[in-house]
Amino acid sequence: MNRIVILFLTLFMATGTYFAQETCEELPDHCLRYFKPQSDDDALYISDGQVYRAFLDDDQKAEFQVTFYGRSTYRIAATAGSDNDFVIFDIKDENGNLLFTNEAYENAPYWDFEFENTMNCVIETRLDLDKKPSGCVVMLIGFQQ
């Protein structure tokens, strides 16, 4: 009897881990769709080649150090699943001053920025706990072609 329970638990845990990884692996594709023109007036964005990824639980946050180059337009896209409003991201300067938060825009899944001068920033991501208490968060950064 104990062997059956242990076998069942092992299979259950392995299957759950597989599906969690598979879902996390698919999330960059959700972000990449925002790099394609969203309207006739929109531009194409090219990924910087990085996948910023973190598994967050409860009120955890992930921080990513990023350099934005002057006179460039960037698009940040973030997701934690099929619904587009699970992730809150804040952009802060080196001194911790808040430059932008998508929370002020109903957790918009992407946002465009233009920087006049080169700046080092910290992008902080977290889950909107009212919508998703834990999960994998993926963020991509692209620049306008």
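Is cysteine 121 buried or exposed? Cysteine 121 is buried, with a relative accessible area of 2%, where buried means under 20% relative accessible area, exposed over 50% and partly exposed in between, for a 1.4 Å probe and protein chains only.

Before going on, please note that this is a predicted model, in which local features need pLDDT of at least 70 and side-chain atom pairs count only at pLDDT 80 or more, while totals for chains, interfaces and linings use all residues. Residues are numbered from 1 along each chain as its sequence is written, and side-chain values use heavy atoms, with hydrogens and water left out.

**The whole chain**

Begin with a cartoon view of the protein, whose secondary structure comes to 1 helix and 9 strands; helices (H or I, at least four residues) and strands (E, at least two) are DSSP runs, numbered from the N terminus. Followed from the N terminus, the elements run α-β-β-β-β-β-β-β-β-β. Of the 145 residues, 39% count as buried. Among contacts (heavy atoms within 4.5 Å) between residues at least 6 apart in sequence, 75% join residues at least 24 apart.

**The disulfide**

Select cysteine 24 and cysteine 136 next, which form a disulfide with their sulfur atoms 1.9 Å apart; a disulfide is a pair of cysteine sulfur atoms within 2.5 Å, and the structure holds 1 of them. This pair links distant parts of the chain, since cysteine 24 lies in helix α1 (residues 2-32) and cysteine 136 in strand β9, 112 residues apart. Cysteine 24 counts as buried at 12% relative accessibility, and cysteine 136 counts as buried at 9%. Cysteine 31, by contrast, is in no disulfide, and the nearest cysteine sulfur, that of cysteine 136, is 10.0 Å away. Cysteine 31 is buried too, with a relative accessible area of 0%.

**Strand β4 and arginine 75**

Now colour strand β4 (residues 72-79), where arginine 75 is found. Because 7 of its 8 residues are buried, β4 is largely enclosed by the rest of the structure. Two strands pair if DSSP finds at least two bridges between them; β4 is joined to β7 by 6 bridges, the two running antiparallel, and β4 and β9 also pair in the antiparallel sense, over 6 bridges. To see these pairings residue by residue, show isoleucine 76, whose bridge partner in β7 is tryptophan 111, and then tyrosine 74, which stands opposite phenylalanine 143 in β9.

Stay on β4 and show the side chain of arginine 75, which counts as buried at 1% relative accessibility. Which side chains make polar contacts with the side chain of arginine 75? One polar contact, of 3.1 Å, joins it to the side chain of aspartate 42, and another, of 2.5 Å, joins it to the side chain of aspartate 112. A polar contact is a pair of N or O atoms within 3.5 Å; within protein, one must be able to donate a hydrogen and the other to accept it, and residues adjacent in sequence count only if both atoms are side-chain atoms. Not counting residues up to four places away in sequence, arginine 75 touches residues including Tyr34, Tyr45, Tyr110 and Leu140.

**The nonpolar cores**

From arginine 75, move one residue along to isoleucine 76, one of the residues with the most contacts inside the largest nonpolar core, which has 24 residues. A nonpolar core is a set of buried Ala, Val, Leu, Ile, Met, Phe, Trp, Tyr and Cys residues joined through side-chain atoms within 4.5 Å. Among the elements that give two or more residues to this core are β2 (52-57), β4 and β7 (110-115), while β3 gives the most, with 4 residues. Isoleucine 76 touches, among others, Phe68, Phe89, Ile91 and Met139, not counting residues up to four places away in sequence. Apart from this core lies another, of 11 residues, among them Tyr34, Phe35, Cys136 and Leu140.

**The open sheet**

Finally, select β3, β8, β5 and β6, which in that order make an open sheet of 4 strands with antiparallel pairing. Its edge strands are β3 and β6 (98-101), each of which pairs on one side only. On β3, compare the covered face, Ala62, Phe64, Val66 and Phe68, with the uncovered one, Glu63, Gln65 and Thr67. In a regular strand the side chains alternate between the two faces of the sheet. Between β3 and β8 there are 7 bridges, and phenylalanine 68 stands opposite methionine 119 in β8. β5 and β8 run antiparallel and are joined by 7 bridges, and there phenylalanine 89 stands opposite threonine 125 in β8.
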